[in-house]
Amino acid sequence: PTSRNWSSGEQLLEMDGQLCLVRNRMPHGSNTLEIWKLLDYSSGDWLLNHRISLSGRLARDLRQSQILRVIGSFGSYRSSRKKIIITTSMHKIFNKYQKMVHTYDPRSEALETILSITETHSTQQYGCPSSRFSFIQETLAPVHTTDEEIALSSDLAKATREILLRLPAKSAIRSKFVCKQWFRLV
């Protein structure tokens, strides 16, 4: 690296379901981080979505870091709770590296450190510190539909279910002996 800042000046990521380009303007003399959003894939039009000022006292950790990456966001763009997630990494002393995760609130322009870890490496093979944090979105969506779910989704099953819901509990329980489908419904 030719400068103190080891991170690349630009990075691509997905944010809010769209392709974004993050431009670290610090190597160019500006204390800003820009996030551009691709508006249209066919025309290649981009829009400056966020400009994060790194000149305040709270942004000192971001300015001094050797690696600075935006890894995503959470919350709705329209909501007042949207936050951008930024990770940093820097060499502290000898073989210690400090890695941090920050949130940035675009509305209030507030920067908050939410995680700070100091790693120690016994060898110098690691070289430049990396940012090993990532943003993973989990879902509880079913992998496939079961035979039972298919059977219960038919119109006849739906009608039977509605009838059973209107019966007294004692009668509904006795109805489970009518057939396997009714047993599943009850």
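Let me start with the sheet at the beginning of the chain, where four strands form an open sheet in the order E1-E2-E3-E4, with antiparallel pairing. The strands at its edges are E1, residues 10–15, and E4, residues 45–53, and because each of them has a single partner strand, one side of each is left without a neighbour in the sheet. From one strand to the next, the twist averages 25°. I should say at once that this is a predicted model, and that what I describe is to be taken in that light.

Let me now go through the pairings in order. E1 and E2 are joined in the antiparallel sense by six bridges, and within that pair Met 15 stands opposite Gln 18 in E2. E2 then runs antiparallel to E3, with five bridges joining the two, and here you can find Arg 23 opposite Glu 34 in E3. Finally, strand E3, which covers residues 32–40, is joined to E4 by eight bridges, again in the antiparallel sense, and if you want a landmark in that pair, Lys 37 stands opposite Leu 47 in E4.

That brings me to the backbone, and to a question about the turn between the first strands: which residue in the hairpin of E1 and E2 takes a positive phi? The hairpin has two residues between the strands, and Asp 16 is the residue with the positive value, near 55°. As background, most residues other than glycine have a negative phi, and that is the reason for pausing here. Asp 16 is found in the loop between E1 and strand E2, the latter spanning 18–24, and since its relative accessibility is 33%, which lies between the cut-offs of 20% and 50%, Asp 16 counts as partly exposed.

There is a second residue to set beside it, further along the chain. Glu 109 is not a glycine either, yet it has a positive phi of about 55°. Its place is in the loop between strand E7, residues 96–105, and strand E8, residues 110–120. Is Glu 109 buried or exposed? Its relative accessibility is 59%, and because a residue over 50% is called exposed, Glu 109 counts as exposed.

Staying with strand E8, I would like to point out a feature of the surface. Ile 114, Leu 115 and Ile 117 form a nonpolar patch there, and together these residues have about 230 Å² of accessible area. Ile 114, which is in strand E8, has a relative accessible area of 48%, so it is described as partly exposed.

Let me close with the chain as a whole. How many helices and strands does the secondary structure come to? There are five helices and eight strands, and, read along the sequence, they follow the pattern β-β-β-β-α-β-β-β-β-α-α-α-α. The chain has 186 residues, of which 32% are buried. Looking at contacts with a separation of 6 or more, 38% of them are between residues 24 or more positions apart. As for the surface, the chain exposes about 12,500 Å², and carbon and sulfur atoms supply 53% of that area.

Conventions: Residues numbered from 1 in each chain as written. Predicted model: local features only at pLDDT ≥ 70, side-chain atom pairs only at ≥ 80, totals over all residues. Heavy atoms only, no water. Pairing = 2+ DSSP bridges. Axes fitted to C-alpha atoms, helices over the stretch in contact; angles between N-to-C directions. Buried < 20%, exposed > 50% of the residue type's maximum accessible area, 1.4 Å probe, protein only. Patch = residues over 30% accessible without salt bridge, like charges linked within 9 Å, V, L, I, M, F, W, Y side chains within 5 Å. Areas by Shrake-Rupley, 256 points an atom, 1.4 Å probe, with all protein chains shown as cover. Salt bridge = Lys/Arg side-chain N within 4 Å of Asp/Glu carboxyl O. Contact = heavy atoms within 4.5 Å.
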